[in-house]
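Visitor: I should like to go through this model term by term. Please set each value against the definition behind it.

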Amino acid sequence: MFNEETRLAAPIRWGLVGGGRGSEIGHSHRAAAVRDHLFTFVAGAMDLSAARCKDFGKSLGLDEDRCYPDYATMFAKEAQRDDGIQAVSIATPNSTHFEIAKAALENGLHVICEKPVTIHVHEAETLKAIAKQHNRFFAVMYGYSGYPMIHQAREMVQRGDIGEVRIVNMQFAHGFHSAEVEKFSDGAKWRMSPEVSGPSFIIGDCGTHPFYLASLITGLQVSSLLCSKQSFIESRSPLEDNANILFKFEGGAVGTLWQVR
Ligand SMILES: NC(=O)c1ccc[n+]([C@@H]2O[C@H](COP(=O)([O-])OP(=O)(O)OC[C@H]3O[C@@H](n4cnc5c(N)ncnc54)[C@H](O)[C@@H]3O)[C@@H](O)[C@H]2O)c1
């Protein structure tokens, strides 16, 4: 955990793909990256619209010529600079993570990728292999894992304070998408499109967070699971906005995960 002491000779030169003006998560990346002076924000391909990226980038203090129309141009142009980016965050809709992350790693960049990391397991495994091959970090934005109480819980489990873990109860009741908000929100619209969101809306969008936290705290590995999922809003079919999962973990522990939008 960061304790205020910077051991870097200089901040890491950092770029952002996605997370443009008005996006849900872009601000969190920018604010978190620069807060402790560990990163410096120098380039962006933040938007599907090149003009909006440039306008927004300039308002954030980026050089105009480092506001790029797309990620491929950014990676290519930045690679030609002595002061080019060293790391990139990817904050675009889910189905684009794989191709952008792959290109970033192949251009020698360290990657911070939004969740769900990819739509298919084999894509995530490919990224893991490429990151290893290029000796680059690949981080996934499970932001809630930064809270001190999560680390305290993990230490308590590891120390044996609560004995053997038998039951893991996970919940994420979100609320914002409980009505048809996709009618007026672009950020909600792609979430309801299986080809962009992935085969499960609720599990990739919400469930992945508590599941990751439970894995971090307990270290348990799932051996089998049973899932019931559905949508309470007819127009969202076949995607679902509510899911209940029953888990069996290796070693005999069991668990439940309820997630709802
Ligand atoms: N970690 C978290 O807690 C958390 C929270 C919210 C969203 N997310 C994740 O962040 C990602 C983005 O979600 P959002 O809610 O910010 O979406 P959003 O729709 O609000 O914003 C997406 C942004 O990416 C831009 N964009 C889209 N495709 C692009 C491309 N190919 N190249 C460059 N820019 C592109 C859009 O113009 C827009 O600015 C999703 O994967 C989502 O699951 C994570």
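**Domains, contacts and fold**

Guide: The protein is divided into domain 1 (12-141) and domain 2 (148-260), with bounds that come from an automatic or database domain assignment. This is a predicted model, in which local features need pLDDT of at least 70 and side-chain atom pairs count only at pLDDT 80 or more, while totals for chains, interfaces and linings use all residues. Residues are numbered from 1 along each chain as its sequence is written, and side-chain values use heavy atoms, with hydrogens and water left out.

Visitor: What separates the centres of domain 1 and domain 2?

Guide: Taken over C-alpha atoms, the distance between the two centres is 26 Å.

Visitor: How many residues of domain 1 and domain 2 are in contact?

Guide: Eight residues of domain 1 are in contact with eleven of domain 2, where contact means heavy atoms within 4.5 Å. Between them the domains bury about 750 Å², 54% of it on carbon and sulfur atoms. Buried area is the accessible area (1.4 Å probe) that two parts lose on being put together, summed over both.

Visitor: Why is the pairing of glutamate 24 and arginine 191 called a salt bridge?

Guide: The term requires a side-chain nitrogen of Lys or Arg within 4 Å of a carboxyl oxygen of Asp or Glu. The side chains of glutamate 24 and arginine 191 meet at 3.6 Å, N to O, and therefore satisfy that definition. The count between domain 1 and domain 2 is two salt bridges.

Visitor: What is the radius of gyration, and why is the protein called as compact as a globular protein of its length?

Guide: The protein has nine helices and nine strands; these are DSSP runs (helices H or I, at least four residues; strands E, at least two), numbered from the N terminus. The radius of gyration is 20 Å, close to the 18 Å that the globule rule gives for 261 residues, so the protein is as compact as a globular protein of that length. That radius is taken over C-alpha atoms, and the rule is 2.2 Å times the number of residues to the power 0.38.

Visitor: Which residues does a cis peptide bond join in the loop before helix H5?

Guide: Lysine 115 and proline 116 are joined by a cis peptide bond, with omega about -15 degrees. Proline 116 lies in the loop between strand S4 (110-113) and helix H5 (121-133).
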